[in-house]
There are 2 protein chains.
Amino acid sequence: MPTSKDIDVNKLNFTIGPVQSSEHIRNIGAEQVPYFRTQEFSTLMLENERLMKQLADAEANARVCFITGSGTASMEAVVSNCFTPQDRLLIINGGTFGHRFEELAEIYEIPHTTVHVEMGHKLTKEQLYAFDGQSYSALLVNMHETSTGVLYDMDMIADFCRKNSIFLVVDAISSFLCDSFSMKRWGVSVMIAASQKALACHPGISMITLSSEAVQRITSHNVKCLYLNLNLALSNGERGQTPFTPAISILRQLNARVKDIIASGGVEKEIQRVAALASDFRSRISDLPFSLFPERMSNALTAICPNNVSAYSIFTTLKDEYDIWVCPNGGILADKVLRVGHIGDLSVSDNTRLINALKDMQQRGLL
Amino acid sequence: MPTSKDIDVNKLNFTIGPVQSSEHIRNIGAEQVPYFRTQEFSTLMLENERLMKQLADAEANARVCFITGSGTASMEAVVSNCFTPQDRLLIINGGTFGHRFEELAEIYEIPHTTVHVEMGHKLTKEQLYAFDGQSYSALLVNMHETSTGVLYDMDMIADFCRKNSIFLVVDAISSFLCDSFSMKRWGVSVMIAASQKALACHPGISMITLSSEAVQRITSHNVKCLYLNLNLALSNGERGQTPFTPAISILRQLNARVKDIIASGGVEKEIQRVAALASDFRSRISDLPFSLFPERMSNALTAICPNNVSAYSIFTTLKDEYDIWVCPNGGILADKVLRVGHIGDLSVSDNTRLINALKDMQQRGLL
């Protein structure tokens, strides 16, 4: 029977999560996990909340819930805790994660309309304004639809929501720290992020940053769940605690990572760093047999369509023969679209290694 | 404003989770996190499932779901996925975690009757058999009620469930690998465990081991949730995957830890090791001003009542003045009961350090 001893953790990782962590962050993973029902851990968590608000450019009264779970856990918590069957949601669906918001609205029986965006395409003003003046109570969008690499136009979406007094929920999981973001500027009510994307910590924590309006929605609604009950998270969070044992080591990594970002020049500097990696990669694939998939790209990843071969076969060859992970796709995009992430502890010389591998594959007739 | 730089991860940890991890396990936390939508990670996860079944002495057709979340996430998944309002549950409630099962049954509107056990006391045959022949469909019990240290008599409970054809759910979170356990011998349908107890990995993963009967219950029931949907976990698990990005580093730690346990002689050997630490500690506090709280104790922890001072004050003094964490209690037991764990990477010499600290406190008039 095969055993797991062969798993190689040292491949060069260009996926879109989990990503490579710096040595500083990884070393925290090697430390003993401190007991957490203490003032010391509360201090760390209150600091995490303050720093996340700073990075999200949130209002002074905003709150942050830290959920031990994937980004989907936080997406579910937001849908179930913020909305009731009295709401009417407008959901932007341009891929897997837009579809996930739709699934959640169905599960919780929240009335909703889906704005279908063709995969790889941007949301147009015409598509969005077809729903103008129709009394929707909230709009849910994956700022960066991770499955296709499309970055939606948040200025346009924010204007629409302001004009229609719509509560704006933004899944920024794979865009946070890659593309410019501001809760205040865009009037975002809820922003979702996760530990294993550009925050470049281990997977296991997702975060929900809530405007005071969102907090009010949650506290006035008696959600029927325990683990994803944001009222409990908010009340425990007031003293820097979580209702249930959290992934303490990852919360400690987050604390260190956010301080590292701030010490290195802050959010805009980090976004510039990711953008430069993306731009370098994009310029260097121009003479390779790929076409870009999305119309409007996030800095987080480059989604490319190979002209001649299956995208999935490139993923497999890079993994098995070059010790490089890129990000395959699922479903109908599996053979069509390959995704190359620019997040985590990567450098231009890492790009060079990937480009060289692709050129070598081309010479071998594998591209 | 206080910052978190002062958090000390190297205190001697006698809490009941998170606990001390071995160097081998901690070092995995320092490695890069591998990409997981691969055959290599699937192999690891299928091995994790096989090894967990072995440790739980589960039937050949049993399955294991790995949930990124605390033990409560798995408790909620079990209640919501296994039961419907057509069930009638019997819930043993002798403390915080028994009460949690009750809360969950209320949230999901599953009819239930609570067997109230006085805190610190064992469940008696009379108490249990008062519900004999009353057509309950399931019994839910925290084998070790972690808040009080009581270990329930599983032979008695298993006999009762067999006699009444009752589906038996066991939260073994803080008892697994501390007290003898067998799904097959006791006819347990569902067993819940967590990464940060005697498995001594980082917190963030809980595990649900399901008998084939439990799997059948779950697959025939369309639960209204996404993140804790065990049907999705089971179907993805068939190929060694999880529906959502899991806490990969902790799943890799679990794999290594379980193999370490097996290489060191197996489950019974590990239980003996924990039992020996518990026994050593219990014999050495006999001349200190404590009385034992529970009537029937798990090896996982010793719950003690200080005769003269507040239990919480002992926790604080040990933390701040002796660099030792023991486990405080919440609610009405906060000042009455102190818990000393015997799980994780601890030794008899660690017990000596704690005993010496307590003797020193006694000399200083603090006990």
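Colleague: How much area does chain A expose, and what share of it do carbon and sulfur atoms supply?

Modeller: In this predicted model, chain A exposes about 12600 Å², of which carbon and sulfur atoms supply 48%, with accessible areas coming from the Shrake-Rupley method with a 1.4 Å probe. Local features need pLDDT of at least 70 and side-chain atom pairs count only at pLDDT 80 or more, whereas totals for chains use all residues. Residues are numbered from 1 along each chain as its sequence is written, and side-chain values use heavy atoms, without hydrogens and water.

Colleague: What share of the residues of chain A count as buried?

Modeller: Buried means under 20% relative accessible area, and 66% of the 367 residues of chain A count as such.

Colleague: What makes chain A, with its 13 helices and 14 strands, as compact as a globular protein of that length?

Modeller: Helices (H or I, at least four residues) and strands (E, at least two) are DSSP runs. The radius of gyration, taken over C-alpha atoms, is set against a globule rule of 2.2 Å times the number of residues to the power 0.38; the value for chain A is 21 Å, close to the 21 Å that the rule gives for 367 residues, so the description holds.

Colleague: Why are β11 and β14 of chain A said to stand at the edges?

Modeller: Two strands pair if DSSP finds at least two bridges between them, and the open sheet has the order β11-β12-β14 in chain A, with antiparallel pairing. Strands β11 (290–292) and β14 (338–341) of chain A each have a single partner strand, so one side of each is left without a neighbour in the sheet.

Colleague: How do you know that β12 of chain A pairs with β14(A)?

Modeller: Strand β12 (residues 301–306) of chain A is joined to β14(A) by 4 bridges, which meets the requirement of at least two.

How values were computed: Chains lettered and ligands numbered in written order. Buried < 20%, exposed > 50% of the residue type's maximum accessible area, 1.4 Å probe, protein only.
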